[in-house]
Amino acid sequence: MAHGRIRARLRRSHFYTFGCLRPTTTDEGPHPLQGPGFSRTVHCNQPEIHERRPLYYCKNDISTTKYNVLTFFPKALFEQFRRVANIYFLLAACLSASPISPFSPLSMIAPLAFVVGLSMAKEALEDSRRFVQDVKVNHRKVHHHKGDGVFGPRMWQNIMVGDVVKVEKDKFFPADLLLLSSSYEDGICYVETMNLDGETNLKVKRSLESTLFLDSDEAFKDFAGTIRCEDPNPNLYTFVGNFEHERQVYPLDPSQILLRDSKLRNTEYIYGVVIFTGHDSKVMQNSTRSPSKRSTIEEKMDYIIYTLFTVLIFISIISSIGFIVKTKYQTPTWWYLRPDSIESQYDPQKIGVAGLSHLVTALILYGYLIPISLYVSIEVVKVLQATFINQDIHMYDEETGTPADARTSNLNEELGQVDTILSDKTGTLTCNQMDFLKCSIAGTPYGVCSSEVEVAAAKQIASDLEDDDSDLSNFPLPNKKGHVSWENVGVAEEYELETVVTSKGDEDEKHAIKGFGFEDDRLMNGNWLQEPNTDDILLFFRILAVCHTAIPELNEETGSFTYEAESPDEGAFLVAAREFGFEFCRRTQSSIFTRERISTSGKVVEREYKLLNLLDFTSKRKRMSVIVRDEEGQLFLLCKGADSIIFDRLSKNGKIYLEATTMHLNDYGEAGLRTLALAYRRLEEKEYSDWNDEFQKAKAAVGADRDAMLERVSEMMEKELILVGATAIEDKLQKGVPDCIDKLAQAGLKIWVLTGDKMETAINIGFSCSLLRQGMKQICITTNSDTESNDVKQAIKDNILNQITNATQMIKLEKDPHAAFALIIDGKTLTYTLEDDLKHKFLGLAVDCASVICCRVSPKQKALVTRLVKEGTGKTTLAIGDGANDVGMIQEADIGVGISGVEGMQAVMASDFSIAQFRFLERLLVVHGHWCYKRIAQMICYFFYKNIAFGLTIFYFEAFTGFSGQSVYDDWYMILFNVCLTSLPVISLGVFEQDVPSDVCLQFPALYQQGPKNLFFDWYRILGWMANGLYSSIVIFLLTVTILYDHPFREDGQTADMAAVGTTMFTCIIWAVNVQIALTMSHFTWIQHLFIWGSIMTWYVFLTIYGMLSPEYSKNAYHLLVEALGPAPIYWSTTLLVTVTCNLPYLIHISLQRCFNPMDHHIIQEIKHYKKDIEDQHMWIRESSKARQETKIGFTARVEAKIRQLKGKLQRKHSFLTIMSPVHK
Amino acid sequence: MATNSAGSNDPTVNRRQTKRPKYSKFTQQELPACKPILTPQAVISAFLIVTAIFIPIGVASLIASRDVVEIVDRYEAACVPSNWTDKIAYIQSGADKTCKRELHVEKRMKSPIYVYYQLDNFYQNHRRYVKSRNDEQLRDAGKGNSTSGCDPESNVDGVPIVPCGLIAWSMFNDTYSFSRNNNNVTVNKKGISWKSDRDHKFGSDVFPKNFQNGTIKGGASLNETIPLSQQEDLIVWMRTAALPTFRKLYGKIEVDLEKGDVINVVLQNNYNTYSFSGKKKLVLSTTSWLGGKNDFLGIAYLSVGGLSFFLAMAFAIVYFVKPRQLGDPSYLSWNRNAAGQ
């Protein structure tokens, strides 16, 4: 480390014109900290003061768990009983001890305890995982000042306010710190805030001048100071406070504050004092408690439960009325009930009391309409589904070793209904790694490697061309010649693609240099010397090697240099320059040293460039320049910047390559690459010194317009440039991203990109992942003004409204069905747009656009946009991101997906699902989402069916018992019905059902639309199932009763008593509902077979065992099956009759549906069944390529657009040929 | 751009590999499965199979049911002497309840002929009634005092009743005796209850005690010298019926009755169904393998079988008239939509 310190002792601030210049004087005094909100006092280096009130602040351990040991029971119980159904069952259980209850207490309490216990166990398990995660964070170590200038490691959770800590390179800050000093002499440090706001470029923080002396461990021996500052608040970009040191008061501003969860970069170490700890820290203040989310299906399920409750109350009232009538007018004559001595609950004299108590009885009795085990079955199913998601080997990332993780299992089915995906960019779509891929020098394009987009598109074109042969032959081709000409085009194209693909394949093997994907023998290994325009090429390389702000670092093991650059682009340039033989090796205060290998012999010459000025990059300027003097004493201005900016500043003779370069830049843009143009200018000594005077004046200026002045002066120099070439850098997308986006688009999903990055970057990425393409109409909504005054604000809003209206009009008037629009909006505009009066207009426009890209958005805006989409469209949204800046949107969206496997766990912690790579999203949604949606939907429908079929028989029987509240079934039958006789088959339906196998799901993305269209859980279907349940209950009851009620049911002449009738009826129910579920399933593994037929067997086994118990326990069921029912043929034939009759209508329904109105998965099942996919592969491929939603994004759309373009060309050619054809004739 | 030195992350690789999901067909949801689909053949054959099973069963049931000879005689109205206008008063009076009925045998009845009494509108399944018994007491002589659940027929003057409860108290007490051509036809009252009931539920050492001694007399009295396990009428009665109309076995006649026989029945019309206007019927019935005379089962089987035959035909016609080739991709939604546009 000592080595690092010595070497890095550079006045880095020297490089920065604008960003980090320490103003020599400052006119802002200490902030008058007063009033509420500014009451925090921190005694630096005296943490012991903060151990007592009133200066005791919260500890640095964080907790994201929902419960702790003490609150778990009350809170989790409360959560459980927020479900209406559970409250109902709780009341029923409470009443079960009273004589009102028709059942024994055990039969009411046991299932409830089971259900609630299981759900709570699940909660506990999930929370404990969060706890483990917290512990991991809390136990991270940081060096803290133990006293007497000695630093030692300490766990994060023990860090106190006022502690001095030392944070080393690439470590996270444990709390919000005040920067005291760094390994750089001038107290600068670099911070990566990706976890906070998602921006990838490093931020520079600087300490106060007055604390710079604290540059070693020993210096803290006697250090003391006081900070007075604002109270904890969630605002990331402001900080108000004063630092008092040796009776001097200095004002603090955000640039001295290091926020928790950001990371120290490019700086060996920093010293800082803790200001905000734990939940007081800004990032924690920003985070909201993860809301518990419920899926749409579950919300709808509540309505069904309410419906059932209504039915329950309705039939209970009917039953009570019946009871009242019977009791009032008939029971007094039923002498066998001893009406002269009767309990009040049956007393016709007190009919009111009797009626009410009967109402309660009825409510409990018919409780089987409400499936108590539904919730618990769903939870079991979802946990198992989640296990399958976690276990899916196709979603396991080999590189980082992380499998997918369903963190909360209650949203599985929601995955199958997603409509809009809101994605973060950095770390999600891209890996934040730049590869130098291509360049254009002096009008000649170099670089044969193709970007991922090109490769993906090429594959698509290749397969589509094959397919479209037939399509194209439909073209009215006048004669053979026309056709030939087309084929030539096709062949040429294919040939080109072929090379593209193969070269990519090779490259994968040998290319291993990070940041450098370039391959072209013309430039490599010094061969560029043989190229024409050697001078330009030389200049090009020099610009790459010299025009930057990076610091080289010698890797002692390999002897090569690595670079610490502010942005990964710059790093890629330097790596490229190194590979070309222009290795940047050293930087001093005033010079840049490169090792150049100019001759073919490979001789390396070290050259020095005197760095005179550096005009650095800002998002406004979009360019950076250096002014250097080379060894020959020549002055150069070397400039790189956005093409549009550079092109505007070219001199007349600097435009020689303009046309060619522009063309190449377009190609690069189309290939999804980030481009920069490089230019230079030779300076005269005089010209420079004049300018430099002015520049120095501006630099030394004080006041608000200093930046503007500097900018203006810089502007003066950056003109009359000569274009050398352009670079194309691939912002390395994560593996498989374009492909995944394409598939998701085909599945009918809309994809929005919300990024903290700047607009150009966002657009580039839009191109590279095919969300944008050439020919797509880009609608940019922007504002220019920074001011905040009110009337200006109104004007801005009017302006935005105007832009939105215009764009909407434009889309409306668009005639071309293939036209696609892209909406690009920046964060500043978004602040206005998200206000109430504009947001719906904005949403309306956004929904019409094929892709939407929001750039420079803050975490809060991400959440707001997500909310807008969620609430505005009412569709299901999914947010995916990897950093803490995405937490808001992840929590806000219906489903939050975190990218795991990278550092910083905030997003993952807040997410509902975590996956290691964006591309796994496809499988997560299209396979697991689709399956889970269908499974849960079918399962819930079936559940209601079975409980209605069962519960209503109790009601019918009631009517025949004078509504007295007697149940025909033994208590045990009722308990077991939901718990074990019918639960396993439905769980196996919910866990194992597959309408189509996973590969088909992926091949036919259109199948996914069954979810968002909610084809399997609409009211039509739900009511259908309920009607089926009603029908079954009627059939079961009527048939059984009619057959058994009076006639002897055996050869021995015995008649059936209540136990026999009840048991027969129950047998029929078990058969009917289990056969029903077998009809519902389309996928039987041995598990389903085991569960379905096993459940039926279990019933008989239970009945036998129950019958063998002593009559003390088995009561009327004693020997029932063995002695009474088993030998009676009528028992078995009734079972058969009822089972078939119950299921006949459903069988007819599905037969008719498949016959007349087959759904997609039916057809695919048939194709698979007849193995047509193997026999007729052409058809299979054709169908799978057609099985996609009309999409305007993704490279498929891009390819289609290209094909359309080709066809257009062809048509032109064709018309041209027809003009020519007379000659042929 | 730092390049990672190779090999430095070997231990982490090992650690990471432990997280790798293990491949198995189960976890990857790739278990071999049968995926039956409803092809036209499957649909038609399903319906035909139902037909093929149901029609024979239906026919057999119907034949069995038709073989059963059943004589039903409703007597509760006719057995009230015409001079009593108030039937309830009659049944509650001490008047002679003997009543003579004639049954005509229309068809030969092979023994055993089962004798049933049938009650209508009698809610043996009323919750209060069903619960009003104590099984312990019936089974175990030592538990004679346990009368919980039997109120208000649990004890008389503090002495527990065996068997207690409303069910036993209200036991049916009409009696029948049959004669043919002045020859007595014996009614065998043994073996009319379930064996398990006699052996395990009603104790052979439990004797009726204090039964029907209360202020209000319900139904039948019991011979206090015979253990409950032999009081088969009681055992049958205690098996509560499911519906308010029910039959219970009274006894068996173990001689054949010939066609044209006239059976004279002398019955004691003791049981009060007049209060709640319930009917009383005497039923003589033979049985078949299927039980009693039960046309409904056969008819139900035949109708379901017939229906599924009809459906099989209907589907056959549908598939013939409007065949849809299975797996025809033109039915896929995207192809159909395209055609629709």
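This passage walks through the interface of chain B and chain A, the disulfides, and one buried histidine.

The structure is a predicted model, in which local features need pLDDT of at least 70, side-chain atom pairs count only at pLDDT 80 or more, and totals for chains, interfaces and linings use all residues. Residues are numbered from 1 along each chain as its sequence is written, chains are lettered from A and ligands numbered from 1 in the order in which they are written, and side-chain values use heavy atoms, with hydrogens and water left out.

A good place to start is where the two chains meet. Here 109 residues of chain B are in contact with 124 residues of chain A, contact meaning heavy atoms within 4.5 Å. Together the two chains bury about 10,300 Å², 60% of it on carbon and sulfur atoms; this buried area is the accessible area (1.4 Å probe) that two parts lose on being put together, summed over both. The interface also holds 29 residue pairs in polar contact, both residues at pLDDT 80 or more. A polar contact is a pair of N or O atoms within 3.5 Å; within protein, one must be able to donate a hydrogen and the other to accept it, and residues adjacent in sequence count only if both atoms are side-chain atoms.

Three salt bridges are found across the interface of chain B and chain A, each defined by a side-chain nitrogen of Lys or Arg within 4 Å of a carboxyl oxygen of Asp or Glu. One of the salt bridges joins the side chains of Asp1057(A) and Arg239(B), at 2.7 Å from N to O. On the side of chain B that touches chain A, helix α9 (residues 295-321) of chain B supplies the largest share, ten residues. Helices (H or I, at least four residues) and strands (E, at least two) are DSSP runs, numbered from the N terminus. By class, that side of chain B has 56 nonpolar, 30 polar and 23 charged residues. Ala, Val, Leu, Ile, Met, Phe, Trp, Tyr, Cys and Pro count as nonpolar, Asp, Glu, Lys and Arg as charged, and the others, Gly among them, as polar.

Next come the cysteines. A search of the whole structure gives two disulfides over all chains, a disulfide being a pair of cysteine sulfur atoms within 2.5 Å. In one, the sulfur atoms of Cys79(B) and Cys99(B) are 1.9 Å apart. This disulfide is left-handed because the torsion about its S-S bond is about -75°. Cys79(B) lies in the loop between β1 (70-74) and α3 (87-92) and Cys99(B) in strand β2 (residues 98-104), so the pair ties together parts of chain B that are 20 residues apart in sequence. Cys79(B) is buried at 4% relative accessibility, where buried means under 20% relative accessible area, exposed over 50%, and partly exposed in between (1.4 Å probe, protein chains only).

Cys150(B) and Cys164(B) also form a disulfide, with sulfur atoms 1.9 Å apart. Cys150(B) is buried at 0%, and Cys164(B) is buried at 1%. Cys1142(A), by contrast, is in no disulfide; the nearest cysteine sulfur, that of Cys1068(A), is 7.8 Å away.

Finally, His548(A) sits in the loop between α12 (534-546) and β18 (551-554) of chain A. His548(A) is buried, at 0% relative accessibility. Its side chain reaches the backbone oxygen of Ala545(A) at 2.7 Å. Not counting residues up to four places away in sequence, His548(A) touches several residues, including Glu570(A), Phe584(A), Arg587(A) and Lys640(A).
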